[in-house]
Protein chains: 4
Amino acid sequence: MKKNKPKYKQIIDAAVMVIAENGYHHAQVSKIAKRAGVADGTIYLYFKNKEDILISIFEEKMGLFIEKINGEIAGKSTAIEKLTTLVEMHFKHFSGEQHWAVVTQLELRQSNQELRKKINEILREYLDLIDLIIIEGKQNQEFKPELDVRLARQMVFGTIDEIVTSWVMKGQKFNITANSSIVAHMLVNGLSADG
Amino acid sequence: MKKNKPKYKQIIDAAVMVIAENGYHHAQVSKIAKRAGVADGTIYLYFKNKEDILISIFEEKMGLFIEKINGEIAGKSTAIEKLTTLVEMHFKHFSGEQHWAVVTQLELRQSNQELRKKINEILREYLDLIDLIIIEGKQNQEFKPELDVRLARQMVFGTIDEIVTSWVMKGQKFNITANSSIVAHMLVNGLSADG
Amino acid sequence: MKKNKPKYKQIIDAAVMVIAENGYHHAQVSKIAKRAGVADGTIYLYFKNKEDILISIFEEKMGLFIEKINGEIAGKSTAIEKLTTLVEMHFKHFSGEQHWAVVTQLELRQSNQELRKKINEILREYLDLIDLIIIEGKQNQEFKPELDVRLARQMVFGTIDEIVTSWVMKGQKFNITANSSIVAHMLVNGLSADG
Amino acid sequence: MKKNKPKYKQIIDAAVMVIAENGYHHAQVSKIAKRAGVADGTIYLYFKNKEDILISIFEEKMGLFIEKINGEIAGKSTAIEKLTTLVEMHFKHFSGEQHWAVVTQLELRQSNQELRKKINEILREYLDLIDLIIIEGKQNQEFKPELDVRLARQMVFGTIDEIVTSWVMKGQKFNITANSSIVAHMLVNGLSADG
DNA sequence: AATGAATGAGGGTTCATTCAT
DNA sequence: GATGAATGAACCCTCATTCAT
């Protein structure tokens, strides 16, 4: 399994930094190779092409992210607690990996439609996780029973994604995690039965 | 004023079509020039560079959009009605201009950070409009008085933007305007005092 | 018509020299451009791609060659005289253009099958010219009436081509034109009725 | 002697197949190694470099070919019979080894000048064989005594080589051996005293 | 002897922009 | 103002060869 070899990780890590620093279009493969301490050609023993590096980064990071969130919310008993945890962890995750935040929120969106479709496939798993929380909340009557799951999830994801993007574009100057509970509260209100 | 000369409009209109048809990365200046019926060099008499065309497109279209929305919500007396109108018009706007929807939601996001900053400056006016509605709602006590305006606006914009993007990426197959009232309702709930 | 513009000729001439000096695979487009005194990109205003330069060279040179031979043999009354003239002119042609001889006999043959098929299409005209002489000779009874035209032409072309190639590979050291009459005589004998 | 070890043969055989199937430019060393069932590095225990594989192939195959022809013409008493036999066997040889025909007539000619010089050195032995037949024919007075041996040999080789190349380029669709006697007859006529 | 992971040099082509007319 | 021919910088990927094991 190539993914467990040390050079695979080296290249992934180098790529995140190089892309965050130079932007997607100026992240030459040769720059990534130099940063990873391998030859240019070595990249192609581990990745099909430059696009494949990007997809793999997203897969790796997103995989860990979802795993971490899944672990955390498993211990929560209500949908509201779960949603609140998800929002908190989402902000905390990016807050701790600022390079990675730039790559996710800005650089990966500059890719072509082909690539973005693949990225969306990977994102799918995260969106499904949100869907599950919403469905559970509907059944628990924590949320409105007539909630449209797709639209609800788009509100949840759209909101937190917009906040992170805005934070990244403003140079990550303020403490994004401080907003967690306010945002979670607004979202929960949005999904709950009318007052 | 260059903006009132006929060639300016010709080039803008040609650019929107060429970008929507070919995607951002294949929208060469020469293609836009040919479609506009002018020489390549003529473009540079009206625009500083290629980026400037994109920014100008966004400015033009966004300006009209904001004007239209402003006119409509001026007649509404409550913040809730205003917000609901904004959501409705946002969806209706893109629903009626599918080329433009592709350009805004997908193609323009493939531009570099520099350009995206300028796009955000233009977007600013729209975001300010949302802010005003929220502030009004807070004063009216339609919304929670302790609402964080920035976060509230990010929820509103993030939600509707995510819905439109998702609709575009899925090939604009379903009728997006049908969701207006559900989405508006969820957002209003999110901003309102707890039940 | 691009072919009549001065830069077209400049590039063609530069390409012949650069290919003859460096070999097909080491004739970088940038080298050709520099030799022609134009920018790299200018090449692509006149030629579709690198292959197209090669094909165009062959077309140009071969066209002139066939024209010259056609003019000369038009004045001859017998097939034998015509064939003799063709052999003489073939040798004389390459003898006077040593760079071009290297390109034709060695470099162009290193191209891929795709390209060689296109080269053969252009060569076709020359082969047809030989065919016509052979057919005329059969009708005149200068040559055997039962002659297989294709095989006869392959003998004629194969022979002179092999002689030129060998001369080029040996560094064009001896005077190739001195062999014209001997070769022509052998070929005529080969095509004539048995003694 | 490395040539007698089993892996040497394995690699040679694999190389012929790989080149015939993929063409010269796509016949990577790694593909040859895989087909031969050895590691990439092992190739370099038996061959100096990639070129050396090609030269060795040609040497091996050509050696067998010349041996076979030599054996056959040893039994013929006249130069004309010998030449006729050579033509027949040349066509029959390629007719029976269509992969090898592609490699010899098309793929090997795509190699660089350096390599082609070495190939010509190996071919030399075959050309010498033709020379000997011509010299014998001159002494026997079967052929013209004043014949230029080099030119005569170039006619013989050029003719049969052109016919085989043409047959290969046309996809080896017709039966090339059917032409043997016609071609041999034309060549003998070309070399014989005038009628 | 055999392996195969690692190396790293090398080049065709696009397209935003300029400037002489 | 308008033209459009000319410019030239910029980069991903392949694959023959090596060498530590």
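Colleague: By what rotation and shift is chain B superposed on chain A?
Modeller: In this predicted model, residues are numbered from 1 along each chain as its sequence is written, chains are lettered from A and ligands numbered from 1 in the order in which they are written, and side-chain values use heavy atoms, with hydrogens and water left out. Local features need pLDDT of at least 70 and side-chain atom pairs count only at pLDDT 80 or more, while totals for chains, interfaces and linings use all residues. The superposition is by least squares on the C-alpha atoms of residues with pLDDT of at least 70 in both copies. Chain B is brought onto chain A, with an RMSD of 0.5 Å, by a rotation of 178 degrees and a shift along its axis of 0.0 Å.

Colleague: How are the two copies therefore related, and what percentage of the contact residues of chain B recur in chain A?
Modeller: The two copies are thus related as by a two-fold rotation axis. Contact here means heavy atoms within 4.5 Å. The same surface serves both copies, and the contact residues of chain B recur in chain A to the extent of 98%.

Colleague: What area do chain B and chain A bury between them?
Modeller: Chain B and chain A contribute 41 residues each to the contact. Buried area is the accessible area (1.4 Å probe) that two parts lose on being put together, summed over both. Carbon and sulfur atoms carry 56% of the area between chain B and chain A, which comes to about 3,400 Å².

Colleague: How many residue pairs are in polar contact between chain B and chain A?
Modeller: Salt bridges (a side-chain nitrogen of Lys or Arg within 4 Å of a carboxyl oxygen of Asp or Glu) number zero across this interface. A polar contact is a pair of N or O atoms within 3.5 Å; within protein, one must be able to donate a hydrogen and the other to accept it, and residues adjacent in sequence count only if both atoms are side-chain atoms. With both residues at pLDDT 80 or more, the number of such pairs between chain B and chain A is seven.

Colleague: Which helix gives the most to the side of chain C that touches chain D?
Modeller: The area buried between chain C and chain D is about 3,400 Å², and L151(C), M169(C) and M186(C) supply 18% of what chain C buries there, more than any other three residues. Zero salt bridges are found across the interface of chain C and chain D. Helices are DSSP runs (H or I, at least four residues), numbered from the N terminus, and α6 (98-107), α7 (113-140), α8 (149-169) and α9 (180-191) of chain C each supply at least two residues of this side. The most, 12 residues, comes from α8(C).

Colleague: Which residues are the closest to DNA strand F?
Modeller: A residue is near a strand if one of its heavy atoms lies within 4 Å of it. Sugar and phosphate make up 70% of the atoms of DNA strand F that come within 4 Å of the protein. Of the 29 residues that surround DNA strand F, the closest are Y44(A), T42(B), T42(C), Y46(C) and V29(D).

Colleague: Which residue has a polar backbone atom 2.7 Å from a phosphate oxygen of DNA strand F?
Modeller: Two side chains also approach phosphate oxygens of DNA strand F: a polar atom of K7(B) lies at 3.3 Å, and one of Q28(D) at 2.8 Å. The backbone atom at 2.7 Å belongs to V29(D).
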